[in-house]
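Let's take a relaxed walk through one protein model. Have the sequence and the 3D view ready, and follow along as we go.

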Amino acid sequence: MPDQSPLVAPAPGPDLSRPRRVHIVGIGGAGMSAIATVLLAMGHTVSGSDAADSGRLRRLAQEGAQVRVGHDPAWLGGADLVVVSTAIPPTNVEAAEAVRRGLRVWRRAEALAAICAERRTIAIAGTHGKTSTSAMLAVILHAAGWRPSYIIGSEITGLGPGAAWQPDGEWLVVEADESDGTFLMLGAEAVLVTSVEPDHVEFYGSMGALDDAFHRFVAAAPGPRVLCADDAGAAALAAAGASPDTAVLTYGTAERATVRIEGVTLGRAGCAFSIVVGGHSQGPVQVGAPGLHNVRNAAGALTMAASLGVSWESAIPALVHYQGVARRAEHRGERDGVVWIDDYGHLPGEVAPMLAAVAAGGWRRVVAVFQPHRFSRTEALWRDFRDAFTAADVLLVTDIYPAGEPPRPGISGQLIVDAVHAAHPGADVRYVPTLDAAAAALGQILQPGDVCVTLGAGDLTTLPDRFLARPGADHA
């Protein structure tokens, strides 16, 4: 397979302008299943395999894909195009069989770029906030009658799977992943950056290289460039990208923002605000997602929609219909007077605003359970978590979800507990290495009127089910 360095110029992707027989190895992942859904809707024949059965595999089978659990060279069948997820090594028997047959093995990024080549593309990037912002933009364009296609890394409440293809639509909204350089390969006409914070530094080699990748992402767009004025990294991009020949639009609470947020009201289930554009107030805007961070996400989506030609009068009412995306402040249910909320946040810049949003809901107590993600990320960022949990009354920290990484000496969830204790000596923070230990501790801690927030990108998302699956639970 080709070099995956973000510094290597991307090769042309596969030709998807004619019907193909596509086999996807690792088809059950969020990103790959979204690509499979779109390929099916484009009229391609799709097969695929994954290591384990899942709801995504069953949904793809219903959509018309031939999916199998496990890996076998014979499952390539008559495929003339093979795509592998980032988790699939070259030694995989299906990838090896493709090479033996003389077939090019395409990476996920290349397949996504090939899809983007078939539409005018809007790419939403950022170290956090891109999923929600992409979903909000898709909802706005849908409500405006633009019939957008979209590929987003989570299900959109009210619209269904995070991927759709409209044969008669002009635009494609893509959640653009920076983790492996994918966002540099998409050839997007319009771009939006929500945030630039330290992450994926092991892939890029340094924070400077990550910053450079974002600069290239923004500079390459011939169309609208929209960036968050409230995020230091995105604001620096905006300042660097502004020129007499290039329009850069910014959004946020900052006085200098092109689209300025004001009059924010926060609630348990959503928020309201107004925006000021060119000295004129627009709104109120109502969005069904809590927290100031989602106010910013909504403002970003509105700014991009307006820059493409959607009127403010059409765009603003559309967000009333936005109900969130899976694993982003997702209300999972209620049991014994305790409300459960699950969130994908696993970076300091994601965790802090999420807990602040929940705390604004007026609960008796906010009990947070955090599962660190990857040994490499924890080693690089554990000190930065010291102030991320101040909105929680009680914090439980589990051990690290490895996501395929081998353990590193001395790196565990205890580091985050120590960082919080050092910065906030009176904080109620406890190390519970396993999910079983976390469940046992919660059984002793939780009381009626509490909200329990599970935070992480790993299997912590299963923890609420241990409590909500029992008879008498009120599910979302």
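How many disulfides are there, if a disulfide is a pair of cysteine sulfur atoms within 2.5 Å? The count comes to zero. As a reminder, a disulfide is a covalent bond between the sulfur atoms of two cysteines. Two cysteines to look up are Cys116, buried at a relative accessible area of 3%, and Cys452, buried at 0%. Here "buried" means under 20% relative accessible area, "exposed" means over 50%, and "partly exposed" is in between (1.4 Å probe, protein chains only).

A word on the ground rules: this is a predicted model, where local features need pLDDT of at least 70, side-chain atom pairs count only at pLDDT 80 or more, and totals for chains, interfaces and linings use all residues. Residues are numbered from 1 along each chain as its sequence is written, and side-chain values use heavy atoms, leaving out hydrogens and water.

Next, helix H1, residues 30–42 (helices, H or I with at least four residues, and strands, E with at least two, are DSSP runs numbered from the N terminus). Its 13 residues reach 19 Å from the first C-alpha to the last, close to the expected 18 Å (1.5 Å times one less than the number of residues). Ten of the 13 residues in H1 are buried, among them Met32, Ile35 and Leu39. Right after H1 comes Gly43, with a positive phi near 105°.

How do H1 and H2 (residues 55–63) cross? Their axes, lines fitted to C-alpha atoms over the stretch in contact, come within 10 Å and cross at roughly 5°, on a scale from 0 to 180 degrees between N-to-C directions. That makes H1 roughly parallel to H2, a label for angles under 35 degrees. On the H1 side, the contact (heavy atoms within 4.5 Å) is made by Ala30, Ser33, Ala36, Thr37 and Leu40, and on the H2 side by Arg56, Arg59, Leu60 and Glu63.

Now for some backbone oddities. Most residues other than glycine have a negative phi, and most peptide bonds are trans. These two arginines have a positive phi instead:

| Residue | Phi | Relative accessible area | Loop between |
|---|---|---|---|
| Arg147 | near 50° | 38%, partly exposed | H5 (130–143) and S7 (149–151) |
| Arg374 | about 75° | 29%, partly exposed | S18 and H12 (375–381) |

There's a cis peptide bond too, joining Gly283 and Pro284 with omega about 5°. Pro284 lies in strand S15 (residues 280–287).

Finally, find Phe370 in strand S18 (residues 365–370). Phe370 is buried at 0% relative accessibility, and touches residues including Phe385, Phe389 and Leu455.

Methods: Angles under 35 degrees count as roughly parallel, over 145 as roughly antiparallel, 65 to 115 as roughly perpendicular and the rest as oblique. A disulfide is a pair of cysteine sulfur atoms within 2.5 Å. Lists of a residue's contacts leave out its neighbours within four places in sequence.
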